[in-house]
Amino acid sequence: RLVRPGLLKVGLTTRDGDDENTVRLRSILLALDFYAESKENLEKLARMYDKNLSLIDAEIRSDILDAKLFLEPEYIDDYLAAYKNISDPEIKDDLLVAMTLVKDELALSKTMELLEQPEIVKPQDQFYLFLYLYRNPVIREKVFEWLEGHWDYVKEMSGDKSLDNYPRYIAGVIKTERGFEKYKKFFDPKTHEPSLRRAIEMGKNEIAAKLRLIKKDKKSVADK
């Protein structure tokens, strides 16, 4: 109800005369609509898919790719093949994100395999792939288990300069006591590492504050 009027006004597709604000608003509304799993618009966007990805309107290409794979997860192999063969970095980014947003476990498992394929996903993009997957509740626990079992590999891929991204951004996703306990169990033994100590402590403080807020306001928000 909140998104529909806005999308009716700006339309699903790019139009002649769209200013920067309209383009940005459409992008925001489409993202919210995807989150709401609006089947009608997902189907409309999916029908705009073209195997020649360069022919898809760049302004809404990510939304089209997201919708197509969300509705038809069997296309995961097409997306993986395209990601391996396409050189355009913007299309590659759109594909990578789309492959982490589906709810199909088989498709997500195939995407997870890319975490250990630096010849396909560049080391500098490996963290973003991990984070996008970790944000997906369908596969979150498996992704964290992967991190627990591949920490040395992650350290090698990330290097000291970006390793602290893991405790920092993982903390931003956690919203449960169980998730917090797993976070502390894994990261607390690593606080002796100077490059991680501050990020881990900040992450723990952020999660604790978030859980206090949820506990305090959960009932009133649910009632409202």
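Me: What share of the contacts in the chain with a separation of 6 or more comes from residues 24 or more positions apart?

Reply: This is a predicted model. In it, residues 24 or more positions apart supply 58% of the contacts that have a separation of 6 or more.

Me: Which secondary structure does the chain have, and in what pattern?

Reply: There are 13 helices and zero strands. Along the sequence the pattern reads α-α-α-α-α-α-α-α-α-α-α-α-α.

Me: How do I read burial along one helix, and which residues of H5 are buried?

Reply: Start with the general idea. An α-helix has 3.6 residues a turn, so residues three or four places apart point the same way. Now the case here. Helix H5 spans residues 76–85, and its buried residues are Ile76, Tyr79, Leu80, Ala82 and Tyr83. These residues lie on the same side of H5 because they cover an arc of only 165 degrees around the axis.

Me: Which helices do the buried residues of H5 pack against?

Reply: Their partners are helix H4 (61–71), helix H6 (89–101) and helix H7 (105–112).

Me: How much of the whole chain is buried, and what area does the chain expose?

Reply: Of the 224 residues, 42% are buried, where buried means under 20% relative accessible area. The chain exposes about 13300 Å², and carbon and sulfur atoms supply 51% of that area.

Me: What are the box dimensions, and how far apart are the mean positions of the charges?

Reply: Taken along the principal axes, the C-alpha atoms fill a box of roughly 55 × 50 × 35 Å. The chain has 39 positive and 42 negative charges, and their mean positions are 7 Å apart.

Key:
Residues numbered from 1 in each chain as written. Predicted model: local features only at pLDDT ≥ 70, side-chain atom pairs only at ≥ 80, totals over all residues. Heavy atoms only, no water. Buried < 20%, exposed > 50% of the residue type's maximum accessible area, 1.4 Å probe, protein only. Helix = DSSP H or I, 4+ residues; strand = E, 2+ residues; numbered from the N terminus. Arc of directions from axis to C-beta. Contact = heavy atoms within 4.5 Å. Areas by Shrake-Rupley, 256 points an atom, 1.4 Å probe, with all protein chains shown as cover. Lys, Arg positive; Asp, Glu negative; His and termini not counted. Charge placed at Lys NZ, Arg CZ, Asp CG, Glu CD.
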